[in-house]
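Biologist: I'm new to this one. Could you show it to me, and then I'll ask a few things?

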Amino acid sequence: MHISTSIQSLPVMESFYTIQGEGHYQGRAAYFIRLAGCDVGCHWCDVKESWDASQHPMQTIEHMVAEASAFTGRIAVITGGEPLMHDLTNLTAQLKQEGFRNHIETSGAHPLSGEWDWICLSPKKFKAPLPSVIEACDELKIIVFHSSDIEWAKTFLPKLKKGCKLFLQPEWSRQEEMLPQIISFVKENPEWEISLQIHKFMNIP
Ligand SMILES: C[S@@+](CC[C@H](N)C(=O)[O-])C[C@H]1O[C@@H](n2cnc3c(N)ncnc32)[C@H](O)[C@@H]1O
Ligand SMILES: Nc1nc2[nH]cc(C(=O)O)c2c(=O)[nH]1
Ligand code: SF4
Ligand SMILES: [Mg+2]
């Protein structure tokens, strides 16, 4: 007997069409889907409201993709929360059918699922990233809260695939203190770039 794919729903905190504010695609129009649920626990996380999935409504993938498709842009960024806590096979397949490039923002603490055109890994000391995600990422984005985080960033280099983009992003509240050190590091190590959360300067989501 043929069993049709059951309708899958995922907990969604918010979705919005905006400008990617971080990393290699910074400045590009993108539709963000922020899935709820995270077990990493970064003390400086800028979306702690996303952590408890039970606080957010379930939405069917059909509904999520239909809403995304209403906008002109065709980059979808799946973020969270930690999006890899969910099986993203069906979501990414249906976004692809609507012509989206699928991008993910992840801590890498859970196994990859789904079909990705761009993987941004932002590893955390609080819950280590899986080797499989480190090897697959297209962009490494290290949040710099303390100057020692710059040294920690370098420990990932031997494990990354060739051509992986390298970013240092100051933790928002620590920007003034960390930026001078990040700037001098990048001047000495020009394979690294600076990412600044430009959406926060523009007061957009
Ligand atoms: C909110 S997280 C969601 C995706 C995933 N859980 C992760 O951490 O990559 C999205 C991005 O924002 C970064 N981020 C979160 N809080 C931040 C802060 N206070 N300052 C700078 N970047 C932050 C994360 O490191 C990650 O790159
Ligand atoms: N504009 C904008 N760009 C972003 N890039 C990564 C974000 C995230 O929270 O994952 C984010 C976000 O929340 N807003
Ligand atoms: S892994 Fe991402 S969503 Fe989870 S606490 Fe850290 S920054 Fe926030
Ligand atoms: Mg954000």
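Modeller: Sure, let's go through the ligand and two annotated residues; keep in mind that this is a predicted model.

Biologist: Which residues come nearest to ligand 1?

Modeller: There are 18 residues around ligand 1. The ones that come nearest are D46, E105, S107, S122 and W172.

Biologist: And which elements give two or more residues to that shell around ligand 1?

Modeller: We're after strands or helices that give two or more residues to the shell. Those are β5 (101-106) and β7 (139-144).

Biologist: How many residues of the shell are charged?

Modeller: Split the shell by type and you get 6 nonpolar and 7 polar residues. The charged ones number 5.

Biologist: Now the UniProt record. Is Q20 buried or exposed?

Modeller: Q20 is one of the residues covered by "binding site" in the unreviewed UniProt entry, and it's found in the loop between β1 (9-19) and β2 (29-35). A residue needs 20 or more other C-beta atoms within 10 Å to count as buried. Q20 has 21 of them, so it is buried.

Biologist: T79 is in that annotation too. Which residues is T79 in contact with, leaving aside its neighbours within four places in sequence?

Modeller: T79 is found in strand β4 (residues 75-79). T79 is buried, because 21 other C-beta atoms lie within 10 Å. Leaving aside neighbours within four places in sequence, its contacts include R34, also covered by the "binding site" annotation, and E105, which is among the residues nearest to ligand 1. The full set is F32, R34 and E105.

How values were computed
Residues are numbered from 1 along each chain as its sequence is written. Chains are lettered from A and ligands numbered from 1 in the order in which they are written. This is a predicted model: local features need pLDDT of at least 70, side-chain atom pairs count only at pLDDT 80 or more; totals for chains, interfaces and linings use all residues. A residue is near a molecule or strand if its C-beta atom, placed from the backbone, lies within 6 Å of it. Helices (H or I, at least four residues) and strands (E, at least two) are DSSP runs, numbered from the N terminus. Ala, Val, Leu, Ile, Met, Phe, Trp, Tyr, Cys and Pro count as nonpolar, Asp, Glu, Lys and Arg as charged, and the others, Gly among them, as polar. UniProt positions are given in the numbering used here, feature names are shortened, and annotations may be inferred rather than shown by experiment. A residue is buried if 20 or more other C-beta atoms lie within 10 Å of its own, exposed if 12 or fewer, and partly exposed in between; C-beta atoms are placed from the backbone. Two residues are in contact if their C-beta atoms, placed from the backbone, lie within 7 Å.
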